[in-house]
Structure formats: C-alpha cells, structure tokens
Amino acid sequence: MLSAGCTQSGGDNKSSLSIVMNFGPDTGGSLDPANGWEGWYVKQAGIYETLFYGDENMEIKPELATGYTHVNDTVWEITLRDDVYFHDGTKMDADAVIFSLNRVLDPSNDRSYEYDFIKEIRKTGDYTIEIETTEPYAPLIASLIDPIMSIVSPNIADVDTQPDGTGPYAFVSYEPGASIDLVANENYWKGDVLNKNLYMSYNSDAATRTLMLKSGDADIAKDILPSEYAALESSPDTDVFSKETLRAYFIYINGHKAPFDDARVRQAFYYATDRQEIVDTALEGVAGSPAEAMFTNTMPWNANDMVEQYDYNPEKALQLFAEAGITQGVDGKLYYNGEPFSVEIQTYPNRAALPATLEVIAAQWEKIGIDVVTKIADSSAIKADVKSGDYDMALYTWNTAPTGDPDYFLSGHCLSTGTYASTWLNYSNPQVDEWILEARATFDEDKRAELYDDVQVRVMEDAPMIFVFYAVENDATRSDVTGFQIYPNDYTFVTKDIAAV
C-alpha cells in the first residue's frame, strides 16, 4: 500500500526509469536494511538513508543528521534534521533514530558484534541523541554510514516486506531475486525527485545487462560487459561512466596449515602473480587496475606510495619457495615433502571477474611448476570449507572501506582477534595489533594516518592475503539519462537527480 503523497511533483522528464543491477536482495526475500547486507540493496534503490554518508570523494557528510559534537573520549552528541518525514508520513525524530540503531545493536542481529563498541544510545532532545562507546573509538561517526544503520520508520508494519524509509523513492512492490518497483517521494527533504516511477531489475549476467541497455529495455545498466565498453562509449545512443571504486579483489591464504603458514611461501605466491596480465586479459583492460596494497587509490587513507611492491618476478618466487623447502625438480615441477606441490584455490561465480581471474592466476602459477586445482562454488560452500579448516586459498572481493574508514577492513582482517584474521587467515602480529588498537582510540587524524600507514606496510610484508586488482566500475546509460554518477562505496546509486529527458 502506498501512502498518500508519494507521487511525482512535476517536470518535463519521462515518467519512468528502468535500471538493471548485477545484485539484489538475497536473504530469503527480506528488504530489512538491518538484515545481513540487505541494507546495501535498499540503499541502492533509494529507499533508505543514514545519519551520515560518504560523498563521491568518500568525505563524510551529514545526511539525516546536521552534525555532531565530540563531548568527551566516549560520548558523541548528534543533532538531527527536523524537517524529514518517512514515506508513511511519520516525522523522523530522536525516538525513530534510536529505534532504528537499536535494531542493529540487538544481540539477535547477526552483525551486532560489529557495533559492540557502542555502550548506549540515549535521547537528549527531540532532535538530539548521544552515543556512548565502551572505550575511545575514533571511527564512530564513519560506522554510522554503513547501510545497516539505515533509519527506519518506527511505525513500520513489516520491515521485511514493506520497507519504509526517508529516501527519494518509496516502495511499491518486490519480486524476490527479480525486481523492485518504486515511486518518487513527493515530500523528499532534499527537494524534487526528477523521475516519477523507478523499475529496478536484477541480473547477474553482464552480457544480458548490456544487451538490455543496447535494446532500450534498460535506461541504466550497472557493470557492463568489458568487451562492449568501446562500442557503448562510441555509440551516440549510450554514455559510459567509469570510476575506480573501493573494491579490491584478493586471495585469502589459509595460514592455519603448512606450508602457507610460512611468510616466504605467501610472498612467493605474490611474486608469481602477474597482476597486470590479469587486468589486461581477465578484465580486458577496462574493469580494473593492478592492486598495490589493500586499499584502492580512491581511498584517502591508503599507504600505497609507502608499500614495497611485489612486482611480478617468477625467479624471486622460486627462490623464496626453495628457502621454505619447496624445490624444483628436474621435470620443472615444484615439490614439497617429496610430493608434487599442489594448491587448491576456490572462488564463487556471482561476479564475472572472479572465475576469469582465477583462470589466469592458475595458468601463471602452473608456469613455475605448481599443481593448481581450481574450484568454483557458492560462497556458502566456501565458507563451510573455511570453517572446517579444509581450504588452501580463496579468491574473494571486498569493498575494503565502504564507510570511508580503514578500521572497517583492518580490524576484521589484520587484528589477530578479528573475524577473518582469526579464522580465514590465522594472521597474528602483535605490533600490528598494537597499532590498530591505538589508531582506534586516537582522535588526531594525522596520528591515525601514521599508524594505519605502519599497519599497511607491515601487513603487506607479512602477506596474509594477495591483493590482485582494484575494481573499476563501468556503468552505462541511455544518452537521454541525466544526473547519473558513480559513487565508490557500492551502495549509493539512485539519487533524486537521475532522470531521462
């Protein structure tokens, strides 16, 4: 059911816009932004907003908040906008914000552990709240950018099937795994929404998405087929938009088992990987750039100019393997403990670049005598292997800084107690732990930057992961679409300014 007033407020633009995306909500049909990663998809659709957001340069800006005051080391006061209404007509205030954030902090939420640094959220006025942390925590404001912290109407009837936010578009209907229909929010606090009806469909096949754009069945297509890039760019009917995002493709290495627990072996794999060839072949030269370290060049906190690079060097790789007891036989093959040295590397098929990259990596490693077994499986199956300890390597992709703060990735992957460091990687470095914990509690940004630089340099030396390339997002629109731009965070997509004229 639509509330009264959710209609377009005028203008000479076309009444509807069709967008085809690569991914959509996938948790049992739920559209709850506090359910797993569903917040990313409902944020993309323009339904929900957060207190703060990262702009096109990933600078933190107020959204539903107007600003904040750092009261003391553990208390932050946040002031809220007083002119915002939910799609159901309810006014947004401190009670609505506290209701929304507490949904994430509830222990029943499977991502609540990510916010265990929050001790209490309390109301200090109709449009002010305080957030108290358990200890000094510098990334607090950045943590509120994650779409899981979307502000939801406290009067929402069914958060799974009837989403109700403050964004430029209001929910109409949803077909799980296929599409979502939306209508312009007439009372949007940022001003007129330039398009009346929005139809967003989901298709994981890049070729199909590209064909839909070329045929006119879609006005905007996310992640176009790389081989069609040049044709779409030169066509008078379409426009192509490209931007390096915050997404990195990298390889998890199981440090729980030999010989991968030896840093020399991990470094050797790095030297055996020609990242430029991967970009040129698997990505056809347009969908990525060779990774220098964990953070992309778009990320303001990167230390890429300080990190010693693992330039492609098969000879160096063989030398390090030999030092670690993995030697080359007369047949050119590598042997470990008298047996052919074999490694299984797995990935999942949801992103087209993953299987293609896996194929190139396998060929490169086989050139120096490694017996490579590749496996493509659902991510759930890979996670099951990891949980049981039965895996060698896994090629994955992460947006390493979706909130704009380095702590998001570093605490999970490089802090010894982090979810991925302690399980997937078995990575532990006491000095890295000390730097990360100090950076969390440091409010001087220059000092934080120095500490995170040190972390990145040391982690790259230890090589618990192999960073392969940074994703370049290539989206395309019909030539009559205006107001579109790419945000590097993956989840900001639909805005009030997109329209077809």
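This section describes the second largest pocket of a predicted model and the packing of helix H13 against helix H14.

The second largest pocket has a volume of about 500 Å³. Its lining comprises 25 residues, and those that lie nearest the centre of the pocket are Ile60, Trp301, Asp405, Glu445 and Arg448. By residue class, the lining divides into 14 nonpolar, six charged and five polar residues. Four elements each supply at least two residues of this lining: strands E3 (60–62) and E4 (65–72), together with helices H3 (140–143) and H14 (445–462). Of these, H14 provides the largest share, with four residues.

Helix H14 also packs against helix H13. Two packed helices are described by the angle between their axes and the distance between the axes. For H13 (residues 430–440) and H14, the axes come within 9 Å and cross at roughly 155°. Since angles over 145 degrees count as roughly antiparallel, the two helices H13 and H14 are therefore roughly antiparallel to each other. The crossing of H13 and H14 is left-handed. On the H13 side, the contact is made by Gln431, Val432, Trp435, Ile436, Glu438, Ala439 and Arg440. The H14 side contributes Lys447, Arg448, Leu451, Tyr452, Asp454, Val455, Arg458 and Val459. The residues of this contact comprise eight nonpolar, six charged and one polar.

Arg448 appears in both descriptions: this residue is among those nearest the centre of the second largest pocket, and Arg448 of H14 also takes part in the contact with H13.

Conventions
Residues numbered from 1 in each chain as written. Predicted model: local features only at pLDDT ≥ 70, side-chain atom pairs only at ≥ 80, totals over all residues. Heavy atoms only, no water. 1 Å grid on protein atoms, 1.4 Å probe; cavity = no way out; pocket = protein on both sides within 12 Å on 5 of 7 lines; lining within 4 Å. Points joined across faces, edges and corners; volume = space filled by probe spheres on them. Nonpolar A, V, L, I, M, F, W, Y, C, P; charged D, E, K, R; others polar. Axes fitted to C-alpha atoms, helices over the stretch in contact; angles between N-to-C directions. Parallel < 35°, antiparallel > 145°, perpendicular 65-115°, else oblique. Left-handed = near helix turned anticlockwise from the far one by under 90°. Contact = heavy atoms within 4.5 Å.
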